[in-house]
Amino acid sequence: VSLVFITAATILRAADPWNSSQLVEPAAVAAQLKKSKKPVVLQVGVKSLFNQAHIPGAKYCGPGSSPEGLEALKKCVEDLPRAQAILIYCGCCPMKDCPNLRPAFEAMQKMNFTNVKVLDIPHNFGSDWVDQGLQTEPKR
């Protein structure tokens with residue numbers, strides 16, 4: 001008889017619409033942004049947080065938790081090739097509680113985007129990006 005232990009984190013992660021290969025660590029994103037071939041970076045969270053600090057080159061595309069935000073996201077990406085490398089992130093709160101990422105990711109899937117990744121922000125953008133010394137706009 002073998003026992004399988006399932007943790008709360010495993011259960012929460014099972015509800016995520018992305019898989020582990022679609023989750024990208026902040027340091028890996030920061031390194032990729034220094035290369036010539038960069039993904040399109042979209043912030044799908046709170047506008048006031050985007051205005052305070054965001055990933056260089058990121059575009060604000062509305063909160064994924066509202067119908068208006070999802071419409072803004074669709075307008076942001078409507079002209080992009082469906083195989084375009086895209087990174088979405090929010091950073092308003094711990095990722096497991098984020099109301100914006102899952103609807104935004106699912107909307108991108110429904111639009112047939114095939115190369116969408118999610119920035120892994122376990123706590124929030126401040127502690128997982130800014131406090132790690134990774135570059136932001138506006139400069140902090």
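This is a short tutorial dialogue on reading one predicted model.

Student: What should I know before I start?

Tutor: Residues are numbered from 1 along each chain as its sequence is written, and side-chain values use heavy atoms, with hydrogens and water left out. Because the model is predicted, local features need pLDDT of at least 70 and side-chain atom pairs count only at pLDDT 80 or more, while totals for chains, interfaces and linings use all residues.

Student: Which strands does strand 4 or strand 1 pair with, and how do they run?

Tutor: Helices (H or I, at least four residues) and strands (E, at least two) are DSSP runs, numbered from the N terminus. Two strands pair if DSSP finds at least two bridges between them. Here, strand 1 (residues 23-24) runs parallel to strand 5 (residues 116-119), joined by two bridges. Strand 4 (residues 86-89) also pairs with strand 5 in the parallel sense, over three bridges. Look at Val 118 in strand 5: Leu 23 stands opposite Val 118, and so does Ile 88. From strand 4 the chain passes through helix 5 (residues 101-110) to strand 5, a right-handed β-α-β crossover. Right-handed means that, with the strands pointing away from the viewer, the path from the first strand over the helix to the second runs clockwise.

Student: Is Val 118 buried or exposed?

Tutor: Buried means under 20% relative accessible area, exposed over 50%, and partly exposed in between (1.4 Å probe, protein chains only). Val 118 has a relative accessible area of 0%, so this residue is buried. Contact means heavy atoms within 4.5 Å. Leaving out residues up to four places away in sequence, Val 118 touches nine residues' worth of neighbours that include Trp 18, Leu 23, Ile 88, Leu 101 and Phe 105.

Student: Which residues touch the most other members of the largest nonpolar core?

Tutor: A nonpolar core is a set of buried Ala, Val, Leu, Ile, Met, Phe, Trp, Tyr and Cys residues joined through side-chain atoms within 4.5 Å. The largest one has 22 residues, and Leu 73, Val 77, Ile 88 and Leu 101 touch the most other members. Helix 4 (67-77), strand 4, helix 5 and strand 5 each supply at least two residues of this core. Helix 5 gives the most, with five. Apart from this core lies another, of 17 residues, among them Val 24 and Tyr 89. The buried residues of helix 5 pack against helix 4, strand 4 and strand 5.

Student: How many disulfides does the structure hold?

Tutor: A disulfide is a pair of cysteine sulfur atoms within 2.5 Å. The structure holds one, formed by Cys 61 and Cys 76 with their sulfur atoms 2.3 Å apart. The torsion about the S-S bond is about -105°, so this disulfide is left-handed. Cys 61 lies in the loop between strand 3 (59-60) and helix 4, and Cys 76 lies in helix 4, so the pair ties together parts that are 15 residues apart in sequence.

Student: Why is Cys 98 not bonded to Cys 90?

Tutor: The sulfur of Cys 98 is 3.7 Å from that of Cys 90, its closest cysteine sulfur, which is too far for a bond.

Student: What backbone values deserve a look?

Tutor: Most residues other than glycine have a negative phi, and most peptide bonds are trans. Asn 112, in the loop between helix 5 and strand 5, has a positive phi near 70°. The peptide bond from Glu 137 to Pro 138 is cis, with omega near -25°.
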